[in-house]
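User: Hi! Could you walk me through this model before I set anything up?

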Amino acid sequence: MKLSKLIIGMSLAMGLVASAAAQTTMKISISVAQNSHQGVGIDTFAKEVEKRTAGRYKVQTFYSGSLGAERESIEAVQLGTQELTMTSTGPIPNFVPETKILDVPFLFRDKAHARAVLDGPIGQELLATFEPKGFKALAWGENGIRHMTNSKRDVKAPEDLKGLKMRTMENPVHIAAYKGLGIVATPMAFTEVFTALQQGTVDGQENPLSVIMAAKFDQVQKHLTLTGHVYSPAIFLMNKAAFDKLSAADKTAFVESAREAAKANRARVDKDDANGVAELRSKGMTIIENVDKARFVAALAPVNAGFEKDFGKANLDRIRNVK
Ligand code: EAX
């Protein structure tokens with residue numbers, strides 16, 4: 001009797017310990033809607049972490065900037081008030097300037113090139129630069145190749161951009177480039193963009209098809225041009241102290257979960273790129289699919305000369321030369 005009571009007591013206690021461990025809950029956020037390439041990313045991450053840690057860690061997912069815009073979420077992760085976020089590199093240079101090189105326009109030939117760079121030695125070296133700043137960068141994900149939209153006119157050539165007031169990310173490389181094209185660059189958090197477009201505070205914005213669809217910008221923008229002017233990486237960031245507290249096996253589980261999440265996220269970007277033009281056209285956007293890219297590159301020549309100087313030609317070539 002006594003023994004069986006003891007056994008019941010012990011198993012109850014062990015059950016309590018197990019369920020207490022299962023209650024280690026972390027938060028991850030994105031600035032875009034759940035039905036998006038980033039939503040797929042963090043949903044996959046949460047599922048993988050739970051699976052790979054046998055339920056000892058749970059990740060709560062927050063969408064549409066409900067925990068704050070990208071810059072605020074990065075800040076929260078750095079401080080540790082929030083464990084995780086998935087973000088574009090838009091506001092990252094304000095925290096980790098080394099990443100700025102990735103935001104140079106027309107640097108990558110295509111998504112395959114960008115993915116090869118990010119998954120190879122250059123990308124891994126860049127992930128390491130987050131550590132002294134209080135982050136564990138788990139993996140690169142993807143936001144996509146950015147295109148321009150506006151409410152004023154069809155953009156067929158770089159001259160058509162002159163004087164357009166466009167929202168840009170809070171990113172010094174982007175701001176310099178768009179100014180170089182004659183755009184009136186207006187940096188703003190993503191969470192404010194829909195309203196700014198709707199109210200005419202800005203004429204346009206630029207984002208990958210994935211984001212344009214997830215944010216329903218077709219409701220407030222008529223003209224889309226597939227400028228493909230810059231690749232937009234995304235990244236899975238974790239508070240470094242929170243990561244350091246994990247066991248070695250759990251650290252691996254978190255990193256592998258982020259890599260799985262990046263795969264799902266990139267697959268959705270590919271799907272969105274394949275369907276995006278037809279879908280946005282069906283919603284009423286006028287879409288210019290083919291522009292003479294060389295003319296946009298030429299228009300950016302003076303700005304690019306500055307980037308070559310700032311980042312070093314050798315560093316840019318190292319990226320360009322990845323096959
Ligand atoms: O991460 O700020 C932006 O335009 C980003 O592309 C968007 O928030 C998705």
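Analyst: Happy to; we can start with the whole chain and then look at a few residues. One note first: this is a predicted model.

User: Good to know. What does the secondary structure of the chain come to?

Analyst: The chain has 13 helices and 9 strands.

User: And how does the radius of gyration sit with a compact globule?

Analyst: The chain has 22 Å, which agrees with the value near 20 Å for a compact globule of 323 residues. Along the principal axes, the C-alpha trace spans about 90 × 45 × 30 Å.

User: How much of the chain is buried?

Analyst: Buried residues are 53% of the 323 in the chain. The accessible surface comes to about 14,000 Å², and carbon and sulfur atoms hold 56% of that.

User: What about contacts between residues far apart in sequence?

Analyst: Taking contacts with a separation of 6 or more, 75% are between residues 24 or more positions apart.

User: Charges next. How many positive and negative side chains are there?

Analyst: There are 42 positive and 35 negative side chains, and the centres of the two sets lie 3 Å apart.

User: Let's zoom in on His-174. Is it buried or exposed?

Analyst: His-174 is buried, because its relative accessible area is 1%, and the cut-off for buried is under 20%. It is found in helix H6, residues 172-180.

User: Which residues does His-174 touch?

Analyst: Leaving out residues up to four places away in sequence, His-174 touches Asp-103, Arg-146, Met-169, Glu-206 and Val-230.

User: Glu-206 is in strand E7, right? What covers that strand's faces?

Analyst: Glu-206 is in E7 (residues 204-207), and both faces of this strand are covered. Gly-204 and Glu-206 on one side are buried, as are Gln-205 and Asn-207 on the other. In a regular strand, side chains alternate between the two faces of the sheet.

User: Which sense does E7 pair in with E4?

Analyst: Strand E4 (residues 135-150) and E7 pair in the antiparallel sense, over 4 bridges. Asn-150 stands opposite Gly-204 in E7.

User: Switching topic: where is Ser-64, and what is its phi?

Analyst: Ser-64 is in the loop between strand E2 (57-62) and helix H3 (70-79). Its phi is near 55°, a positive value in a residue other than glycine. Ser-64 counts as partly exposed, at 45% relative accessibility.

User: And Lys-216, where does that one lie?

Analyst: Lys-216 lies in the loop between helix H8 (209-214) and strand E8 (223-239). Phi of Lys-216 is also positive, near 55°. With a relative accessible area of 46%, Lys-216 is partly exposed.

Definitions and conventions:
Residues numbered from 1 in each chain as written. Predicted model: local features only at pLDDT ≥ 70, side-chain atom pairs only at ≥ 80, totals over all residues. Heavy atoms only, no water. Helix = DSSP H or I, 4+ residues; strand = E, 2+ residues; numbered from the N terminus. Rg over C-alpha atoms; globule rule 2.2 N^0.38 Å. Buried < 20%, exposed > 50% of the residue type's maximum accessible area, 1.4 Å probe, protein only. Contact = heavy atoms within 4.5 Å. Areas by Shrake-Rupley, 256 points an atom, 1.4 Å probe, with all protein chains shown as cover. Lys, Arg positive; Asp, Glu negative; His and termini not counted. Charge placed at Lys NZ, Arg CZ, Asp CG, Glu CD. Pairing = 2+ DSSP bridges.
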